[in-house]
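I open these notes with a plain aim: to look up how the parts of this structure pack together.

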Amino acid sequence: MTSDGVPPILELRGFRYTYLEGTPRAVEAVRDVSFRINPGERVGIVGPTQSGKSTVVDAFAHLLRVKPGQVFYEGHDVAAPGYDRQALRRRVGIVFQRPESQIIEDVVGADVAFGPTAAGLSAAETRERVEESLNTLGLPYPEYRLRYVHALSGGQRRRVAIAGVLAMHTPVLVLDEPMAGLDPRGRHELLELLMRLQKDRDLTLIVCSASLTDASLLCDRFVVLDRGSVVADGPAREVLREPDRLAGLDITLPEPVIAARELRKAFPDFPTELLTEEELEAELVARLGAS
Amino acid sequence: MLELQRNVIFGQYIDAGSFVHRVDARIKIVATVVFIVASFLIDSFLGFAVVLPLLVLIQVVSKTSLGYVLRGSRFFLAFLVFILAFQVLFYPGDVPESGYLWRWGILSVSNEGLYTAGILGLRVIFLYYVTTMLMLATSLVDLTNGLEQIFGPLQRLRVPVNELVLVFVIAIKFVPIFIEEVERLARAHTARGVPFDEGGPITRARRIGRLLVPIFINGFARADTLTTAMNTRSYRGGRGRTKLRWMKAGVADWAVLALITAWMVAAWLV
């Protein structure tokens with residue numbers, strides 16, 4: 001429970017997961033991960049490859065054989081017998097690393113309509129949701145609804161995948177490596193769109209990435225994973241205050257943090273909890289002015 | 001949850017470092033051929049009973065968990081039972097009137113039908129077991145080298161041995177990749193509200209059908225990438241290619257082959 005009595009929207013309690021458990025090919029992906037995410041939070045789950053990020057994401061929507069007592073949605077154990085997994089999946093929307101994998105129908109409009117239809121919405125409501133989602137993602141409804149998914153570019157396909165999840169109006173939106181493979185303009189557009197959506201719909205936003213830079217643009221809290229365990233968890237600036245530990249992991253640090261670490265050679269107490277270049281510049285100007 | 005990797009072990013290699021793993025790959029391939037020939041020659045329950053202890057011996061020596069092999073054969077065994085049921089119900093051979101246990105129109109259950117289906121079932125299980133064991137205990141590199149050396153002499157007759165072996169090995173190698181891919185796709189579809197983990201077997205099978213188009217598209221893309229990778233690394237078949245390590249069969253290897261051959265001949269003759 002949080003201080004005001006509202007249970008966290010998602011919680012992992014001592015979550016562990018081994019793929020192909022009990023076989024000679026067993027791989028322990030997550031060892032012992034615990035954290036809580038409150039409604040409306042923007043959390044970046046950051047870690048190098050093989051750190052267990054994607055396993056954690058799959059656990060949120062009960063896409064793995066999760067053991068009881070480890071994963072909770074709004075305080076309810078998702079692995080409890082009789083728990084409505086379909087309802088959970090209508091609340092936790094996931095955009096996977098490779099967007100192609102989650103596209104079900106061949107035609108853009110039909111694919112975006114898939115979720116709402118499966119959830120039992122009327123044809124009129126579904127159409128409205130599809131139009132709204134496609135327009136939001138910059139894929140004008142009249143132009144794109146009958147296009148073939150497989151004939152679209154990679155960036156457009158990712159947008160269709162996101163539109164398919166948005167159309168479900170899920171309170172939680174999880175994005176696994178949303179920026180991978182996008183050009184700078186595509187990244188910028190996606191970033192603005194996600195920020196706007198998060199504000200407008202008061203979403204709980206979870207971004208998985210191997211890059212703290214990407215995560216820092218969208219999130220104000222980081223959970224850093226390494227080899228299946230949590231190595232840091234806290235507000236973004238607090239986590240960045242100890243950059244040396246992060247630098248040992250195979251993750252991309254934000255540019256201002258990299259610069260600040262170098263500047264520590266000249267100013268040993270130079271702060272590293274800098275999120276933007278402007279902050280770095282201000283700090284540097286102040287230091288140089290003082291000396 | 002769709003856990004195909006658990007239920008399909010075809011094409012997997014598990015390095016348990018046992019004696020079976022260390023036997024020369026060529027000997028293992030030839031021994032497998034001996035097993036395959038024997039499986040067609042043996043046609044009595046007694047013959048297969050003689051074979052059984054040898055299989056148990058191989059299983060024990062290989063240090064591979066029997067439970068893992070059995071669980072990994074679930075789909076295969078279910079399919080086999082399905083096929084054998086048809087074999088029994090539509091048995092085409094001659095049956096004396098006293099041989100029928102049950103009859104309804106063209107469907108029947110007869111002693112002869114059960115016997116034939118039983119032998120056929122054992123034959124298929126035997127074949128499946130030895131080939132699965134060969135792949136579980138032989139790395140792909142050894143399998144490739146072994147096949148290339150066994151069929152090497154055919155190159156003089158202008159048979160493209162290296163290319164054929166390569167195609168065979170890639171085909172096997174793609175099975176686990178495909179299985180992983182199906183699992184990944186099924187997870188993504190589940191997240192969007194296709195409940196792969198609910199419903200009866202037919203509903204589930206129909207849902208898997210939906211994955212076919214993306215799987216084929218990914219498969220072609222993968223094949224394309226592989227071709228490009230091989231071209232950029234100047235793959236041009238096996239002509240003039242030398243090997244760093246030549247395989248050498250020792251006394252123990254030949255003894256294994258002799259033992260298996262003798263055992264199979266005995267099983268055939270009883």
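**Helix packing in chain A**

I looked first at H3(A) and helix H6 (residues 154-166) of chain A, which pack at an angle of about 35° with their axes 7 Å apart. Axes are lines fitted to C-alpha atoms, for helices over the stretch in contact, and angles run from 0 to 180 degrees between N-to-C directions. Helices (H or I, at least four residues) and strands (E, at least two) are DSSP runs, numbered from the N terminus.

I note that the model is predicted: local features need pLDDT of at least 70, side-chain atom pairs count only at pLDDT 80 or more, and totals for chains, interfaces and linings use all residues. Residues are numbered from 1 along each chain as its sequence is written, and chains are lettered from A and ligands numbered from 1 in the order in which they are written.

I then listed the residues that meet: Val108(A), Asp111(A), Val112(A), Phe114(A) and Gly115(A) in H3(A) face Val160(A), Ala163(A) and Gly164(A) in H6(A). Contact requires C-beta atoms, placed from the backbone, within 7 Å.

**Contact between the chains**

I found 24 residues from chain A and 20 residues from chain B in the contact. On the side of chain A that touches chain B, H3(A) gives the largest share, three residues.

**Helix H7 of chain B**

I checked the length of helix H7 (residues 111-137) of chain B: at 1.5 Å a residue, its 27 residues should span 39 Å (1.5 Å times one less than the number of residues). Its end C-alpha atoms are 39 Å apart, which agrees. The buried residues of H7(B) pack against partners including helix H3 (25-41) and strand E2 (107-110) of chain B. Buried means 20 or more other C-beta atoms, placed from the backbone, within 10 Å of the residue's own.

Technical notes:
Two residues are in contact if their C-beta atoms, placed from the backbone, lie within 7 Å.
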